[in-house]
2 protein chains.
Amino acid sequence: MKHDSFHESAEMYLKTASELAGCNAPTPISTLAGRLGVSAVSATEMVHRLAEQGLLAHQPYRGISLTETGQQLADEVVRRHRLWECFLYERLGLPWHEVHDHACRLEHATTPAVTEALDAFLGHPVACPHGNPICGRAGAPAERPLSELPVGGTAVLVRVHPESESLLCYLAELDLLPGRRVTLREIAPYQGPLVLLTDVGVRYIGREAAAHVHIRLLTEDPA
Amino acid sequence: MKHDSFHESAEMYLKTASELAGCNAPTPISTLAGRLGVSAVSATEMVHRLAEQGLLAHQPYRGISLTETGQQLADEVVRRHRLWECFLYERLGLPWHEVHDHACRLEHATTPAVTEALDAFLGHPVACPHGNPICGRAGAPAERPLSELPVGGTAVLVRVHPESESLLCYLAELDLLPGRRVTLREIAPYQGPLVLLTDVGVRYIGREAAAHVHIRLLTEDPA
DNA sequence: TACTAATATAAGGTTGACCCAAAAACCGGG
DNA sequence: CCCGGTTTTTGGGTCAACCTTATATTAGTA
């Protein structure tokens, strides 16, 4: 017998599954595998193991979805992750785009007692530095990807969802952080970038990236 | 490719080897194995692997000792461990005797950037809550195990060295924490416990435990 | 010196998390 | 309804870290 519960890997699978579940219901295993950087075969194996433990359901050729228990576990991991991000960013002063990776390591080594104490220490924060909610489920009113903002509409950036260092870094460079107010002037032709007006200047952002940036709509049309 | 450097296990071996090295120069593998809770065979295997990587030297039938590099690695792990202990105890307010175990998990998931930032955040502490030094090598003036305090002598408890939750818990119960001033009244016969006078009352402590509590001598004889 | 207890090695197993290559099952478009 | 591309399964490997049960080696002591 090693650790009490399961390991880093399992937690990563659940966490990732949870992240992808937000998009379309049954996530194909290949997507999971891609995101985790493992082969489809390996992912399938692990999915089976997790399914046996009742953490997720696998409908062959359709995809996977988390069970109640699996979702809970995943939520805990995500919570730890975001709490650490808060700590690393707010208290330790590490750069915005770096905290994700450090938190990825810590999230698996955090006991429940530490999690709770950390949460209290940070004053029960409601969102990580990238705007992702910390406590209850996602929800929140009228939130959608930036890529769906209509031309002329104005919105506030609230979160960066499927996070990745390169994306975070890119956004930081553009100064497109949660809290920023943007207006979509136009979408360049041929799947071109979105042209955004912000109070720090004009910004261009690709559709791919924009799909990962979530906004809260302020107005549909220009003032 | 998995993690960049080596894994938790290797770090634990090095850390433990370093802890035991303080006592007698070449540590027998069996001692290492015992402390890590693995079989002697497993420990031997791992020792070979680590020796191949030049992290420690193994003299058959005599024991092991860390190389320069190995010692450095071990020191880094220990440093991370103690920094986390400080954080958990001072900032998160977790109990004195519990922080060790939580820190044991975190120490392997801490990137250099986080270590440095944490150190700064804590104001570059010089010792963990149990009194073990954080930065440079152990040293410090005139430090010895409580078990070597002469009868009648007075000393200050400075650190608990080979740490274990049960020991820490026991000491906490007795209120024998670093900073406490004690006078050895007598040693009960037949390898009996030490009888200590403290400003919180009389305390009895076994010789085993006393060997793990380090003191700084104040006076050799009663005032 | 010869013996015993500690130490080391050898041999063979297990488990988790990966990999590849190839075969089989499936789904949807033409 | 059939064919091609995606997905899954099958079979066979690797590697690290463990395990047990022997068998050898050695150090220290009687």
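**Exercise 1. Contacts of A:L88**

Task: In this predicted model, determine which residues A:L88 is in contact with, leaving aside its neighbours within four places in sequence.

Solution.
Step 1. The criterion for a contact is that the two C-beta atoms, placed from the backbone, lie within 7 Å.
Step 2. Once the neighbours within four places in sequence are set aside, chain A supplies the contacts A:L94, A:V99, A:H102 and A:A103.
Step 3. Chain B supplies B:V114, which is also in contact with A:L88.

**Exercise 2. The largest nonpolar core**

Task: State how many residues the largest nonpolar core holds and which of them touch the most other members. Then identify the elements that give two or more residues to this core.

Solution.
Step 1. The core holds 29 residues.
Step 2. Within the core, A:L88 and B:L88 touch the most other members.
Step 3. From chain A, the elements that give two or more residues to this core are α4, α5 and α6; from chain B they are α4 (68-91), α5 (99-106) and α6 (112-121).
Step 4. A general tendency may be recalled here: in soluble globular proteins, nonpolar side chains tend to be buried together.

**Exercise 3. The contact between the chains**

Task: Describe the side of chain A that touches chain B by its elements and by its residue classes.

Solution.
Step 1. In the contact between the chains, 17 residues of chain A meet 17 residues of chain B.
Step 2. On the chain A side, two or more residues come from each of α4 (68-91), α5 (99-106) and α6 (112-121).
Step 3. α6(A) gives the most to this side, with five residues.
Step 4. Sorted by class, this side of chain A has ten nonpolar, four polar and three charged residues.

**Exercise 4. The surfaces near the two DNA strands**

Task: Describe the surface near DNA strand C, then the surface near DNA strand D.

Solution.
Step 1. DNA strand C is surrounded by 18 residues, and the closest are A:S9, A:S39, A:S42, B:P28 and B:I29.
Step 2. At least two residues of this surface come from each of α1 (8-21) and α3 (40-52) of chain A, and from each of α2 (29-36) and α3 (40-52) of chain B.
Step 3. α3(A) gives the most to the surface near DNA strand C, with five residues.
Step 4. The classes near DNA strand C are ten nonpolar, six polar and two charged.
Step 5. Around DNA strand D there are 21 residues, of which A:I29, B:S9, B:V38, B:S39 and B:S42 come nearest.
Step 6. At DNA strand D, α2 (29-36) and α3 of chain A and α1 (8-21) and α3 of chain B each supply at least two residues.
Step 7. α3(B) gives the most to the surface near DNA strand D, with five residues.
Step 8. The classes near DNA strand D are twelve nonpolar, seven polar and two charged.

**Exercise 5. The six-stranded sheet of chain A**

Task: Give the strand order of the open sheet of six strands in chain A, and follow the pairing of β4(A) with β5(A) and with β8(A).

Solution.
Step 1. The order is β3-β8-β4-β5-β6-β7, with antiparallel pairing.
Step 2. β3 (143-145) and β7 (201-205) are the edge strands, since each pairs on one side only.
Step 3. Neighbouring strands of this sheet are turned by 45° against each other on average, direction ignored.
Step 4. Strand β4 (residues 154-160) of chain A is mostly covered, with five of its seven residues buried.
Step 5. β4(A) pairs with β5 (residues 181-187) over three bridges in the antiparallel sense, and A:A155 has A:V182 as its bridge partner in β5(A).
Step 6. β4(A) also pairs with β8 (residues 213-219), antiparallel, over six bridges; here A:T154 stands opposite A:T219.
Step 7. β5(A) in turn pairs with β6 (residues 194-198) through five antiparallel bridges, with A:V195 in β6(A) as the bridge partner of A:E186.

**Exercise 6. The hairpin of chain A**

Task: Describe how β1(A) and β2(A) are joined and which residue in their hairpin takes a positive phi.

Solution.
Step 1. β1 (residues 56-59) and β2 (residues 63-66) of chain A run antiparallel and are joined by four bridges.
Step 2. A:A57 stands opposite A:S65 in β2(A).
Step 3. The hairpin has three residues between the strands, and A:Y61 takes a positive phi near 70°.

Terms used:
Residues numbered from 1 in each chain as written. Chains lettered and ligands numbered in written order. Predicted model: local features only at pLDDT ≥ 70, side-chain atom pairs only at ≥ 80, totals over all residues. Near = placed C-beta within 6 Å. Nonpolar A, V, L, I, M, F, W, Y, C, P; charged D, E, K, R; others polar. Core = buried A, V, L, I, M, F, W, Y, C linked by C-beta atoms within 7 Å. Buried ≥ 20, exposed ≤ 12 C-beta atoms within 10 Å, placed from the backbone. Pairing = 2+ DSSP bridges. Axes fitted to C-alpha atoms, helices over the stretch in contact; angles between N-to-C directions.
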